[in-house]
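Could you walk me through this protein? I'd like a plain tour that starts with one residue and works outwards.

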Amino acid sequence: MKTRSILKRGQLAVLTVVLILMIDQTIKILVKTNMSIEDHIRIASWFYIRFIENDGMAYGMNFLNKLFLSILRLVAISAIGYFIWLQVQKKAKKGYIFCLSMVCAGAAGNILDNMFYGLCFTESTQWSVSALTRLGEGYAPFLKGKVVDMFYFPLIETHWPAWMPLVGGQHFIFFSPVFNFADACISVGFIMLLIFYRKELNQLSFKR
């Protein structure tokens, strides 16, 4: 019975990671091979598919060296993966394992861009669409590929009131970051952990 319980939790973790990676990479490849940089498709006034690439972290942030960031991601993914394995062995709650797997899969989705997109895609520009090429003949070396982002939600687009100091009259967009499915999985997984599994987070341990 114990082995069966562990097996089910392990299957849940693996299936969650695999499914998220498949969805994430399918969306990214479709966008990258069909749109040029800054191309956009209007779905609604508050939702666009807008293709950009970034060298940095989630939601386009960029304040760390690219190679260092890629290595940091690999270390983080390895640590999270090991921690999930420990929780599977401990027969932790399935919801807890699912949320951890979402975070792990999201991080893995973005590191795949860093690892392989530079090796096997031509460069995306404002004037040309990227295409698959022979491995090693792409636009960047291993671990230096760019992360593909595409979801843009300008929920509120207006101007600051003229009377406001410093920003008066300036254009304002509420929620301007462009992000991808992997970023969303990291954020949703982390928020669910904070809301539903604070007790488990307070007892974090890498011991078996």
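Leaving aside its neighbours within four places in sequence, Ala-13 is in contact with Ile-84, Ile-97 and Ser-101. You'll find Ala-13 in helix 1, which covers residues 2-32. Is Ala-13 buried or exposed? Its relative accessible area is 9%, and anything under 20% counts as buried, so Ala-13 is buried. For a sense of distance, try Lys-199: this residue is 186 residues away from Ala-13 along the chain, and the C-alpha atoms of the two are separated by 20 Å. Keep in mind that all of this comes from a predicted model.

Now zoom out to the whole chain. There are 5 helices and 6 strands, and if you read from the N terminus on, the elements go α-β-β-α-α-β-β-β-β-α-α. The C-alpha trace spans about 60 × 50 × 30 Å along its principal axes. Of the 208 residues in the chain, 38% are buried. Take the contacts with a separation of 6 or more: 65% of them come from residues 24 or more positions apart. The accessible surface adds up to about 12,000 Å², and carbon and sulfur atoms account for 67% of that. As for charge, the chain carries 21 positive and 12 negative ones, and the mean positions of the two groups lie 20 Å apart.

Next stop, the sheet. Strands of a sheet pair through backbone hydrogen bonds, and they can do that in a parallel or an antiparallel way. Here, 4 strands make an open sheet with antiparallel pairing, in the order 1-2-3-6. Which strands sit at the edges? They are strand 1 (40-44) and strand 6 (178-179), each of which pairs on one side only.

Let's cross the sheet strand by strand. Strand 1 is joined by 4 bridges to strand 2, which covers residues 47-54. One residue to look for here is Arg-42, whose bridge partner in strand 2 is Tyr-48. From strand 2, another 5 bridges lead on to strand 3, again antiparallel. Across that pairing, Glu-53 stands opposite Val-148 in strand 3. Then 2 bridges link strand 3 to strand 6, which also run antiparallel, and there Phe-151 stands opposite Phe-179 in strand 6.

Strand 3 deserves a pause. Why is strand 3 described as largely enclosed by the rest of the structure? Because 6 of the 6 residues in this strand (residues 147-152) are buried.

Our last stop is Asn-180, in the loop between strand 6 and helix 4 (181-196). With a relative accessible area of 0%, Asn-180 is buried. What does its side chain reach? One polar contact, at 2.8 Å, joins the side chain of Asn-180 to the side chain of Asp-149. The side chain of Asn-180 also reaches the backbone nitrogen of Asp-183, at 2.7 Å. Set aside the neighbours within four places in sequence, and Asn-180 is in contact with Asp-24, Lys-28, Asn-110, Val-147, Val-148, Asp-149, Met-150 and Phe-151. You've met two of these names already: Val-148, which has Glu-53 opposite, and Phe-151, which has Phe-179 opposite.

Conventions. Residues numbered from 1 in each chain as written. Predicted model: local features only at pLDDT ≥ 70, side-chain atom pairs only at ≥ 80, totals over all residues. Heavy atoms only, no water. Pairing = 2+ DSSP bridges. Buried < 20%, exposed > 50% of the residue type's maximum accessible area, 1.4 Å probe, protein only. Polar contact = N/O pair within 3.5 Å; in protein donor to acceptor, adjacent residues only side chain to side chain. Contact = heavy atoms within 4.5 Å. Areas by Shrake-Rupley, 256 points an atom, 1.4 Å probe, with all protein chains shown as cover. Lys, Arg positive; Asp, Glu negative; His and termini not counted. Charge placed at Lys NZ, Arg CZ, Asp CG, Glu CD.
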